[in-house]
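Me: Hi! I'm new to reading protein structures. Could you walk me through this one with some questions and answers?

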Amino acid sequence: MINVVGLVSDTMVTEAILTANPWKLLEIRGVNEGSVLYYLRGGSSNTESFDNEYYVFNSDHTGYEISNIGANMPISDWVLSNPDNPKLTCTYHNNSTTTMLLTWENLRFKNNSLYYDEYYFNPITGNDFHGQ
């Protein structure tokens, strides 16, 4: 599960929650480009740092991710669907000419944090990503 921190009360995931504040990664476990990925904020056994990374979702269904090195990665056309088991999909802009479909499934909100399974295919590297 990818776990990100927010400053809102426990409730169902809604657009209001997503747009309320930036979301920082707390923990991620996954496989990225064939390699095991693990990150825990403040942890000592991380395979990659996400200390400076966060996501912002705007009410006009745009947003961005600030990468760990400070790059602004635009997000467009985000949609939150399936109220019974929320799923977020969006267009993620890798650069000015390349986009990918980013999917957060099994999206849930608990203890002021978002939890989700993340999937995408990176057209630049030609590899899949799956993280929880």
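Me: Which residues does T103 touch, not counting residues up to four places away in sequence?
Reply: Happy to help, and do keep in mind that this is a predicted model. T103 is found in strand β8, which covers residues 99-110. Leaving out residues up to four places away in sequence, the contacts of T103 are K87, L88, T89, D117, E118 and Y119.

Me: Is T103 buried or exposed?
Reply: The cut-off for buried is under 20% relative accessible area. T103 has 11% relative accessibility, so T103 counts as buried.

Me: What kind of aromatic pair do Y55 and W104 form?
Reply: The structure holds eight aromatic pairs. In the pair of Y55 and W104, the ring centres are 5.3 Å apart and the planes stand at 80°. Planes over 60 degrees apart count as edge-to-face. That is why the pair of Y55 and W104 is edge-to-face.

Me: How many residues apart are Y55 and W104?
Reply: Y55 sits in strand β4 (residues 54-57), while W104 sits in strand β8. This pair links distant parts of the chain, and the separation is 49 residues.

Me: What is the relative accessibility of W104, and what is the relative accessible area of its partner Y55?
Reply: Buried means under 20% relative accessible area, and both residues are described that way. W104 counts as buried at 0% relative accessibility, and Y55 is buried with a relative accessible area of 4%.

Me: What kind of aromatic pair do Y120 and F129 form?
Reply: Y120 counts as buried at 17% relative accessibility, and F129 is buried with a relative accessible area of 5%. Their rings lie 4.9 Å centre to centre, with 20° between the planes. Planes under 30 degrees apart count as stacked, so the pair of Y120 and F129 is stacked.

Me: Which residues form one aromatic cluster with W104?
Reply: W104 has a list of contacts that includes Y55, F57 and Y116, not counting residues up to four places away in sequence. These three also belong to the cluster, along with W78. The partners of W104 in the cluster are therefore Y55, F57, W78 and Y116.

Me: Which element gives the largest share of the largest nonpolar core?
Reply: This core has 27 residues, and L18, F57, W78, L88, W104, L107 and L114 touch the most other members. Among the elements that give two or more residues to this core are α1 (15-20), β2 (23-32), β6 (72-81) and β8. The largest share, five residues, comes from β8.

Me: Which side chain meets E27 in a salt bridge?
Reply: A search of the whole structure finds two salt bridges. E27 counts as buried at 19% relative accessibility, whereas its partner is partly exposed, with a relative accessible area of 46%. The N to O distance is 2.8 Å, and the partner is R29.

Me: How many residues apart in sequence are E105 and K87?
Reply: The side chains of E105 and K87 meet in a salt bridge, with 3.8 Å from N to O. E105 lies in strand β8 and K87 in strand β7, so the pair ties together parts of the chain that are separated in sequence by 18 residues.

Me: Are E105 and K87 buried, partly exposed or exposed?
Reply: Partly exposed is the range between under 20% and over 50%. E105 has 27% relative accessibility, and K87 has 30%. Each of these two residues therefore counts as partly exposed.

Methods
Residues are numbered from 1 along each chain as its sequence is written. This is a predicted model: local features need pLDDT of at least 70, side-chain atom pairs count only at pLDDT 80 or more; totals for chains, interfaces and linings use all residues. Side-chain values use heavy atoms; hydrogens and water are left out. Helices (H or I, at least four residues) and strands (E, at least two) are DSSP runs, numbered from the N terminus. Buried means under 20% relative accessible area, exposed over 50%, partly exposed in between (1.4 Å probe, protein chains only). Contact means heavy atoms within 4.5 Å. Rings of Phe, Tyr and Trp (its six-membered ring) pair if their centres lie within 6.5 Å; planes under 30 degrees apart count as stacked, over 60 as edge-to-face and the rest as tilted. A nonpolar core is a set of buried Ala, Val, Leu, Ile, Met, Phe, Trp, Tyr and Cys residues joined through side-chain atoms within 4.5 Å. A salt bridge is a side-chain nitrogen of Lys or Arg within 4 Å of a carboxyl oxygen of Asp or Glu.
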